[in-house]
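Subject: Structure handed over, with notes on what was found

Dear colleague,

I am passing on the structure we spoke of, and I would be grateful if you could look it over alongside the notes below.

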Amino acid sequence: MALVAFNSPYGTRPFTLAASRRTWAGRVLTGAGLALLPWMGYLAGTLPPAEAVAWVALDAVEAACLLIAGTRLVNGRHGHRGAAAAAAVLLLADACADVATAGPGSELVGALAMAVGAELPLAMVCVALAARAGR
């Protein structure tokens with residue numbers, strides 16, 4: 001058994017600080033993409049059908065971009081920059097649309113909290129990943 005472990009066909013990547021940051025960022029993006037999945041179910045069940053289609057479609061594309069960028073970063077593969085850039089644009093558009101369409105009072109407070117606490121910081125991470133030159 002030990003011989004199999006030492007002769008594994010899977011190469012080991014040396015630990016570097018840059019690799020650690022990529023893995024951390026990839027896990028954050030992947031987690032955010034996975035967190036959108038139950039949120040889409042909630043939106044589909046609570047919003048009127050016409051609104052639900054638009055919001056669920058936007059969140060589905062956001063989730064796909066976040067999952068693509070995140071899994072590529074975690075696996076150490078190239079090609080995360082385009083997905084991260086698309087996710088940043090979609091997150092910014094989502095934050096603006098949420099705040100613009102929120103009603104007064106607690107709905108507006110909730111939209112601002114989501115924008116400032118989740119969507120805009122995640123968009124900034126995506127912009128930083130997309131703008132960063134190669135690996």
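The notes that follow go from the overall fold to the main pocket and then to a patch on the surface.

Please bear in mind throughout that this is a predicted model. The chain contains 5 helices and 0 strands, so that, in the notation used for such patterns, it reads α-α-α-α-α along the sequence, and 31% of its 135 residues count as buried.

The largest pocket has a volume of about 630 Å³. It is lined by 26 residues, and those closest to its centre are Trp39, Leu43, Asp98, Met114 and Glu119. As for where the lining comes from, α2 (17-46), α3 (49-74), α4 (80-101) and α5 each supply at least two residues, while the largest share, 8 residues, is contributed by α5. In chemical character, the lining of this pocket divides into 15 nonpolar, 4 polar and 7 charged residues.

Helix α5, which spans residues 106-131, also holds Val116, and this residue belongs to a nonpolar surface patch that it forms with Leu92 and Leu120. Together the three residues of the patch have about 260 Å² of accessible area. Is Val116 itself buried or exposed? Its relative accessible area is 59%, and because the cut-off for exposed is over 50%, Val116 counts as exposed.

With best regards

Definitions and conventions:
Residues are numbered from 1 along each chain as its sequence is written. This is a predicted model: local features need pLDDT of at least 70, side-chain atom pairs count only at pLDDT 80 or more; totals for chains, interfaces and linings use all residues. Side-chain values use heavy atoms; hydrogens and water are left out. Patches are made of residues with over 30% relative accessible area and no salt bridge: like charges are joined within 9 Å, nonpolar side chains (Val, Leu, Ile, Met, Phe, Trp, Tyr) within 5 Å. Accessible areas come from the Shrake-Rupley method with a 1.4 Å probe; for residues, only the protein chains shown count as cover. A salt bridge is a side-chain nitrogen of Lys or Arg within 4 Å of a carboxyl oxygen of Asp or Glu. Helices (H or I, at least four residues) and strands (E, at least two) are DSSP runs, numbered from the N terminus. Buried means under 20% relative accessible area, exposed over 50%, partly exposed in between (1.4 Å probe, protein chains only). On a 1 Å grid over the protein atoms alone, a cavity is a set of points where a 1.4 Å probe fits but cannot get out, and a pocket is an open set with protein on both sides within 12 Å along at least five of seven lines; lining residues have an atom within 4 Å of a point. Grid points are joined across faces, edges and corners, and a volume is the space filled by probe spheres set on the points. Ala, Val, Leu, Ile, Met, Phe, Trp, Tyr, Cys and Pro count as nonpolar, Asp, Glu, Lys and Arg as charged, and the others, Gly among them, as polar.
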